[in-house]
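Here are some exercises to work through with the model open beside you. Try each task before you read its solution.

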Amino acid sequence: MRIGIIGLGVIAPYFLRAIEQDEQLELTAACDLDLAKFAELPEGTATFTDYQDLLASGLVDGVVVTLPNDLHAAVVAEALEAGVHVCCEKPLTVHTADARMLAEVSARTGSTLFTAFHRRYNSHVLRLAEELPDRAQIAKVTARYHERIEEHTGSDRWYLDVRRCGGGCVIDNGPNALDALRQVAGELTLVDATIGDVRGGVEFYAELSLRTEDGIPVQVELDWALPTGEVKDITVHLKDGSTRSADMLAGYHGFKSSLDHEYQGIMADFRAAVAAGPERRDDGPVVVDLVEQAYLVARAKEQRLRMPAKEPAEATVVKRLFHRRTDRGMVLSPWASRCVRAGEVHELVTTTDRPGSTGDRVDAVGFLGFAEFRTATVVERGDQVWADGRLLGVVAGFDECHYPNHYNILIDTDRLLTGEDVDLRAGHTVVFKEHA
Ligand SMILES: NC(=O)c1ccc[n+]([C@@H]2O[C@H](COP(=O)([O-])OP(=O)(O)OC[C@H]3O[C@@H](n4cnc5c(N)ncnc54)[C@H](O)[C@@H]3O)[C@@H](O)[C@H]2O)c1
């Protein structure tokens, strides 16, 4: 098969070496906007600065697409329409609709659509998949894909531009992590997703929760902000407490040195996919869909990991209280948060009733005292309440029986605490901290 490559950036050399080592493949053409990138190509390779000219040249039966993510959909569609088989780097596309469109074009034209997921050919992932114990013994599966993104990028900063990359570590590392997990555990459904450390719209951290068809929980951690180095592994946790794992980098000591055998696997499988013809279904769209779902869930959430949303707020105790009641009849108000101005005084009340829903009655209470907020803040359910370096409990919500004079700020505690129990005195500081 005569192969062209479109995009000669950081990942291209791994494809070029794999093509060179495969006797059934011949590199005939290459395309990049940057002429300097042609210097390292084997002699005789035709070069193009416009991918359409490469597709029209008649020099290629298949192309490898290694362009920035936002260009994949259009270039792959044109290649398939031109009757050229396509091996496209992950993510196949940024959006599910585009991935489905490509699958349709492939089905209509008979040109092969193949997404390059290199971790499915990793020797350790293959071994783990082969040696997987009976599924009934599996309690959960976890995966980590941690790296420092700056160590993996070229001079072009498209990775850090949400319009070109589509996001951060979820769309960049998610596809290979999710595909490797699918090889080990089977089809996955997204359950939950949380992103964090978002910089200019691009997340540097994410946690995904998924489930296999037979209900095994799967947790994925994606991290772009490791100080240096890489952690890329999958662990199968068995119900007897033992684990089986695949450390994808074990034994591959040089930076990215595992990639050579993985990209050889990609090219061999691409050939097999072309030979199998249009019946074979590409997994690219399924993974694009999981990534898109993760963004829909995570971006709609109020919660962000590793991103403090507010400074700790200090309040000065202006009067301490000593009593406790078991029949107080306070009521949990509907508000999850309340804005508090600097200088406002509110009453701090501990409770063991665990109120959770609007209107819940709060009878078991211990009175800590009244405190004046030194700064404006937003007090929220879940905030930690500290006094004298000791965590008293977390804000459960608010009771408004004294409002507008003041709120009772209800604090979940394991036992009822009063001002005397915690040695709170007038002038002491109580700190409200966002729950990490
Ligand atoms: N870098 C990695 O470790 C890695 C690993 C796995 C997958 N990938 C994927 O491979 C793809 C490419 O990533 P990269 O890191 O090699 O990017 P890169 O920025 O290093 O390379 C992209 C290349 O495409 C060229 N280019 C841009 N627009 C072009 C156009 N219109 N026509 C022709 N050439 C054009 C650029 O000049 C550049 O040489 C991405 O989809 C990425 O997700 C990268």
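Two residues are in contact if their C-beta atoms, placed from the backbone, lie within 7 Å. Domain bounds come from an automatic or database domain assignment. The model is a predicted one, in which local features need pLDDT of at least 70 and side-chain atom pairs count only at pLDDT 80 or more, while totals for chains, interfaces and linings use all residues. Residue numbers start from 1 along each chain as its sequence is written.

**Exercise 1. Find the domains and describe how domain 1 meets domain 2.**

Step 1. Mark the bounds: domain 1 covers 2-117, domain 2 covers 120-254 + 282-300, and domain 3 covers 313-433.

Step 2. Compare positions: 25 Å separates the C-alpha centres of domain 1 and domain 2.

Step 3. Count the contact: 19 residues of domain 1 touch 20 residues of domain 2. On the domain 1 side, the elements giving two or more residues are helix 4 (96-109) and strand 6 (113-116). Helix 4 gives the most, with 4 residues. Helices here are DSSP runs (H or I, at least four residues), as are strands (E, at least two), and both are numbered from the N terminus.

Step 4. Sort that side by character: 10 residues are nonpolar, 6 polar and 3 charged. Here Ala, Val, Leu, Ile, Met, Phe, Trp, Tyr, Cys and Pro count as nonpolar, Asp, Glu, Lys and Arg as charged, and the others, Gly among them, as polar.

**Exercise 2. Place the ligand relative to the domains.**

Step 1. List the shell: there are 25 residues around the ligand, and G7, G9, V10, E89 and G154 come nearest. A residue is counted as near if its C-beta atom, placed from the backbone, lies within 6 Å.

Step 2. Sort the shell: 12 of its residues are nonpolar, 6 polar and 7 charged.

Step 3. Conclude: the ligand lies between domain 1 and domain 2, because both give residues to the shell around it.

**Exercise 3. Describe how helix 4 packs against helix 10.**

Step 1. Take the geometry: the axes of helix 4 and helix 10 (residues 284-300) come within 9 Å and cross at roughly 170 degrees. Axes are lines fitted to C-alpha atoms, for helices over the stretch in contact, and angles run from 0 to 180 degrees between N-to-C directions.

Step 2. Classify: helix 4 and helix 10 are therefore roughly antiparallel. Angles under 35 degrees count as roughly parallel, over 145 as roughly antiparallel, 65 to 115 as roughly perpendicular and the rest as oblique.

Step 3. Name the partners: T96, A99, R100 and A103 of helix 4 meet G284, P285, V288, D289 and E292 of helix 10. This contact has 4 nonpolar, 2 polar and 3 charged residues.

**Exercise 4. Do the same for helix 1 and helix 9.**

Step 1. Helix 1 (residues 12-21) packs on helix 9 (residues 259-276) at about 60 degrees, with the axes 8 Å apart. That angle makes helix 1 oblique to helix 9.

Step 2. On helix 1, look at Y14, F15, R17, A18, I19 and Q21; on helix 9, their partners are L259, D260, Y263, Q264, I266 and M267. The contact divides into 8 nonpolar, 2 polar and 2 charged residues.

**Exercise 5. Locate the cis peptide bonds at P91 and P404.**

Step 1. The bond from K90 to P91 is cis, with omega near -15 degrees. P91 sits in the loop between strand 5 (85-89) and helix 4.

Step 2. Y403 and P404 are joined by a cis bond with omega about 10 degrees. P404 belongs to the loop between strand 22 (390-399) and strand 23 (408-412).
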